[in-house]
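The following exercises concern a predicted model. Each sets a task and then works through the solution step by step.

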Amino acid sequence: MKLKTVLGLTVAATLAMPALAQERGGTLNFARYDGSRLIDPIYADRNPDIWMVGSLFDTLLRSSADGNSVEPGLAETYTVSDDGKTVSLTLREGIKFANGTPMSGDDVVFSLDRARNPDLSPWAGLLGSIDAVTADGNAITVALGSPDPTILSMLATFNTAIVSKAAFEAAEGATDQEKSAAIFAATAAGVGSGPFYLCGFEQGASMDFCANENYWRMGADGKALPYLDAVHFEIIPDDATRILSLQAGEVDAAEFIPFSRVAELEQDSNINMNLYPSTRIIYSPINTRDNRADGSANPLADARVRQALNYGTNKEALIGLVLHGAGQPMSSPLMAKATQYAADMTPLYGYDVDKAKALLAEAGFADGTEITFTTLAGSADDATIFAALQQMWAPLGVDLVVEQVDGATRGAKNRSGEFDIHTYGWVNDVNDPSQVVGWLGHTPTAKAVGTGWENAEFNTLFDEAAGEMDAEARKAKFARMQELYAEAAPLLFMYETPFAVAVGSAVEGYVQTPLGNNIFDQATVSR
């Protein structure tokens, strides 16, 4: 059976329904582009690590199928107090970790205290509103210092997953980090309560997940998930080799399929080519400071120039060149369509050369002005984007020159402001707009993704939204932030991309969520 998940649709139906064929047993062989280094909920900070956490660990709450709310997870009930400062949850009865030991409220307190410890976790700030976590039997109380509209989403986020206190404390090592590393190296059932546990690992080569026989969620056949016995991951960085392995039947699925190969694989009757909706956006930060790093006047400081560059960019052409049509222009200036509160401003700076020229003339932009476009050395996509923009912007009087650097240098330039425009991208880590909006637009968070753009109204709205418990009022604040950001255009707004995953026709029920998480608990493989 061939299946293509159309970009722009949600994966809600797939997540909400059981696998089409509830065959039990077998191993699904999955080809990854990169390997995991350490799968610990509080330390995972790379996508290859984060996207695996959900298979090994469960959270108190879970994201709903449509991604716009939360639902019970390890906690069967939850309430928020009228003043917004207390979250009360009830842990399910009979939950066990993968090693068969029962989960208790003490495990929840231990896990959330680890997660919110800034000396341990890079994600501690997501739980900064928590004052204390306590347990009385299965009754869990999360006390907040101030109302936090994101707290339920955070309790459904990977870094708040529950680990076994006893197993963790018994692990070898003098520090939290050493114990975490020892647990990861042990490859045995233990600290997690997810549908699988890590049962094999060879750095940079392979990884194995085995079914957790003590998992609590039920499948469509009335038995505990997962359907599979195991998932075996082969690390195959080379795109062509991953595809060849799939075509040869050596693996059952392959991720990060190059968009140039999507059409070809769609024609293969033995492969289902999936384009899963994502929160991945590709954009280019624009330096909005009055002066460049060398002290010279910055022509990009004028919002009209930034608007003109956006109008002068044919996003559909970029999508055709880079994604081979498998994408869509950004419709919100601050987030992907799949993100809560995303405004649809289609067309967001539709292609209009005449309007671009008029804005540049109004701004007094000098013909032949040199602008540097910083790209990643060795990136074919970046090279294509530069070549296209150079051609598109030449009629506007822009002399676009390229600067190729490595990733670390690009990041350093972004932080220091030593750039004109550079390529960048984003995928949400949490099911809430605050993370991406804070990164892209809130000055105190990251200098508005390094652009130096600052708007007092925007910053105030963001700060107010952080404590706004009324969902509609909070949505209105994010709507206004998107209006302000679109008008200021501190980015070149480009496009959204899907997650391209090809699976063999024997596989059913596998899903990659808009946050990137790989979901194997309802997958089956028929051989």
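**Exercise 1.** Determine which residue is the bridge partner of Thr372 in S15, and describe the sheet that holds this strand.

*Solution.*
Step 1. The bridge partner of Thr372 in S15 is Val401.
Step 2. The pairing in question joins strand S14 (residues 369-376) to S15, in the parallel sense and over eight bridges.
Step 3. The sheet is open and has three strands, ordered S15-S14-S16, with parallel pairing.
Step 4. Strand S15 (398-405) and strand S16 (421-422) each have a single partner strand and stand at the edges, so one side of each is left without a neighbour in the sheet.
Step 5. Two helices are then placed relative to these strands. Helix H12 (residues 380-393) lies across S14, S15 and S16 and runs at about 170° to S15. Helix H13 (residues 407-416) also lies across S14, S15 and S16, but runs at about 125° to S15.

**Exercise 2.** Establish the strand order and the pairing sense of the open sheet formed by four strands, and identify which residue in S5 is the bridge partner of Ala75.

*Solution.*
Step 1. The order is S4-S5-S7-S6, and the pairing is antiparallel.
Step 2. The edges are occupied by strand S4 (75-80) and strand S6 (130-136); each has a single partner strand, so one side of each is left without a neighbour in the sheet.
Step 3. From one strand to the next, the twist averages 15°.
Step 4. S4 pairs with strand S5 (residues 86-91) in the antiparallel sense over five bridges. For Ala75, the bridge partner in S5 is Leu91.
Step 5. Helix H3 (residues 105-115) lies across S5, S6 and strand S7 (139-144), and its direction is at about 165° to S6.

**Exercise 3.** Classify the packing of H14 against H16 by angle and handedness, and list the residues that meet.

*Solution.*
Step 1. Helix H14 (residues 434-441) packs with helix H16 (residues 456-465) at an angle of about 155°, and the axes are 11 Å apart.
Step 2. Angles over 145 degrees count as roughly antiparallel. H14 and H16 are therefore roughly antiparallel to each other.
Step 3. Their crossing is left-handed.
Step 4. On the H14 side the residues are Ser434, Val437, Gly438 and Gly441; they meet Phe458, Asn459 and Phe462 in H16.
Step 5. By character, the residues of this contact comprise three nonpolar, four polar and no charged.

**Exercise 4.** Carry out the corresponding analysis for H14 and H17.

*Solution.*
Step 1. The axes of H14 and helix H17 (residues 471-488) come within 12 Å and cross at roughly 30°.
Step 2. Angles under 35 degrees count as roughly parallel. H14 and H17 are therefore roughly parallel to each other.
Step 3. The crossing of H14 and H17 is left-handed.
Step 4. Ser434, Val437, Leu440 and Gly441 of H14 meet Arg474, Phe478, Met481 and Tyr485 of H17.
Step 5. The residues of the contact of H14 with H17 are five nonpolar, two polar and one charged.
Step 6. Reading the two contact lists together, Ser434, Val437 and Gly441 of H14 appear both in the contact with H16 and in the contact with H17.

**Exercise 5.** Find how many disulfides the model has, and state which residues are joined.

*Solution.*
Step 1. The criterion is a pair of cysteine sulfur atoms within 2.5 Å.
Step 2. The count under this criterion is one disulfide, which joins Cys199 to Cys210 with an S to S distance of 2.2 Å.
Step 3. The angle about the S-S bond is 80°, and the link of Cys199 and Cys210 is right-handed.
Step 4. Cys199 belongs to strand S8 (residues 196-202) and Cys210 to strand S9 (residues 206-211); the two cysteines are eleven residues apart.

**Exercise 6.** Locate the cis peptide bonds at Pro226 and Pro347 and the positive phi at Tyr349.

*Solution.*
Step 1. Most residues other than glycine have a negative phi, and most peptide bonds are trans.
Step 2. From Leu225 to Pro226 the peptide bond is cis, with omega near 0°. Pro226 is placed in the loop between S9 and strand S10 (230-235).
Step 3. From Thr346 to Pro347 the peptide bond is likewise cis, with omega near -10°. Pro347 lies in the loop between strand S13 (328-329) and helix H11 (353-363).
Step 4. Tyr349, a residue other than glycine, has a positive phi, near 55°. Its place is also in the loop between S13 and H11.

Methods
Residues numbered from 1 in each chain as written. Predicted model: local features only at pLDDT ≥ 70, side-chain atom pairs only at ≥ 80, totals over all residues. Heavy atoms only, no water. Axes fitted to C-alpha atoms, helices over the stretch in contact; angles between N-to-C directions. Parallel < 35°, antiparallel > 145°, perpendicular 65-115°, else oblique. Left-handed = near helix turned anticlockwise from the far one by under 90°. Contact = heavy atoms within 4.5 Å. Nonpolar A, V, L, I, M, F, W, Y, C, P; charged D, E, K, R; others polar. Pairing = 2+ DSSP bridges.
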